[in-house]
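Welcome, and please open the model in your viewer. We will go from one selection to the next and look at what is there.

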Amino acid sequence: MTSTPKVSIVIPTYNAEATIGPLLESLGKLDYPDFEVIVVNDGSRDRTREIVLRYPVRLVDQPNRGASAARDAGLRVASSEIVAYVDSDVAVTRDWLRHLVTPFFDPEVAASTGQTIFLRNEKCTSWLRSMDIERRNAHRRTFTRLANGPNSAFRRAVLLDVGGFNPRWYHAEDTEVSYRISQKGYKIRYVPEAVVHHGPEENWRNYLRKRYRDAKAFTRILARYSRDAV
């Protein structure tokens, strides 16, 4: 692998008109010489597609099939040996991609994952979510079993070898594919210097809905991967 391999950055997106512009602006400021940006529009009903077309990126349109299907669609059209993923509601830091790619010089590393920092505002919900993520990040080890969806990168060949993202996993698709990669004997490296910023979580109803969805996904993961799940 060269010192700066070309990277395909895939963004699965659905109804992201409020956040996709700032994300694409941040990607345009990356300190990295060779990358492409692929936005997979998962049947958005708002102005997401219109906004994406203002930027020099590749747009892939598909009917609404969920985040996992969108991640997989981006993988299939990517042209690089490394495929990085960010969610449409984050913004990357200038050196994010350099840090995220560094672990791949170890041939045993098949995936890397960075640190997602949840921003805070005056709402109590944002502080609760931010502190929860801070606590989780503080306990992460250098080698992990989870490449988090909002901030991760994979060797494309390995991701294809394990079958890519499974569209039937409507949630926790990043956990499920990470376990399949680990079962193949590959390593996943945590890189805290590879930082993306997530907007504040402000709405209690949405917050509780997401935590309920997380709990359901973990139950499904536990049933399918009982030896891997913790």
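## Starting at strand 4

Select strand 4 and colour its two faces separately: Ile82, Ala84 and Val86 lie on one side, Val83 and Tyr85 on the other, and all of them are buried, so that both faces are covered. The split follows a familiar pattern. In a regular strand the side chains alternate between the two faces of the sheet. With five of its five residues buried, strand 4 is largely enclosed by the rest of the structure. Keep in mind as you look around that this is a predicted model.

## The neighbours of strand 4

Which strand pairs with strand 4 in the parallel sense? Add strand 1 to your selection: four bridges link strand 1 and strand 4 in that sense. To find your place along this pair, click on valine 7, which stands opposite isoleucine 82 of strand 4.

Now select strand 8, residues 151–155. Strand 8 runs antiparallel to strand 4, and five bridges join the two. A good landmark here is tyrosine 85, which has serine 152 of strand 8 opposite.

## Helix 3

Next, select residues 67–77, which make up helix 3. Eight of its 11 residues are buried, so helix 3 is largely enclosed by the rest of the structure. To highlight the buried residues, pick Ser68, Ala69, Ala70, Arg71, Asp72, Ala73, Gly74 and Leu75. Charged side chains are on that list too, namely Arg71 and Asp72.

What do these buried residues pack against? Show strand 1 (7–13), strand 2 (35–42), strand 3 (58–62) and strand 4 (82–86), then helix 6 (156–161) and helix 7 (173–183): the buried residues of helix 3 pack against each of these.

## Threonine 48

Move on to helix 2, residues 48–52, and centre on threonine 48. Is threonine 48 buried or exposed? Threonine 48 has a relative accessible area of 0%, so it counts as buried. Show its surroundings and you will find that threonine 48 touches Thr13, Asn15, Ala16, Glu17 and Asn41, leaving aside residues up to four places away in sequence. One of these neighbours deserves a distance label: the side chain of threonine 48 reaches the backbone nitrogen of glutamate 17 at 3.3 Å.

## Zooming out

Finally, show the whole protein chain, with its eight helices and nine strands. Of its 230 residues, 50% count as buried. Among contacts between residues at least 6 apart in sequence, 76% join residues at least 24 apart. Switch on the surface to end the tour: the accessible area comes to about 11,400 Å², and 51% of that belongs to carbon and sulfur atoms.

Key. Residues are numbered from 1 along each chain as its sequence is written. This is a predicted model: local features need pLDDT of at least 70, side-chain atom pairs count only at pLDDT 80 or more; totals for chains, interfaces and linings use all residues. Side-chain values use heavy atoms; hydrogens and water are left out. Buried means under 20% relative accessible area, exposed over 50%, partly exposed in between (1.4 Å probe, protein chains only). Contact means heavy atoms within 4.5 Å. Accessible areas come from the Shrake-Rupley method with a 1.4 Å probe; for residues, only the protein chains shown count as cover. Two strands pair if DSSP finds at least two bridges between them. A polar contact is a pair of N or O atoms within 3.5 Å; within protein, one must be able to donate a hydrogen and the other to accept it, and residues adjacent in sequence count only if both atoms are side-chain atoms.
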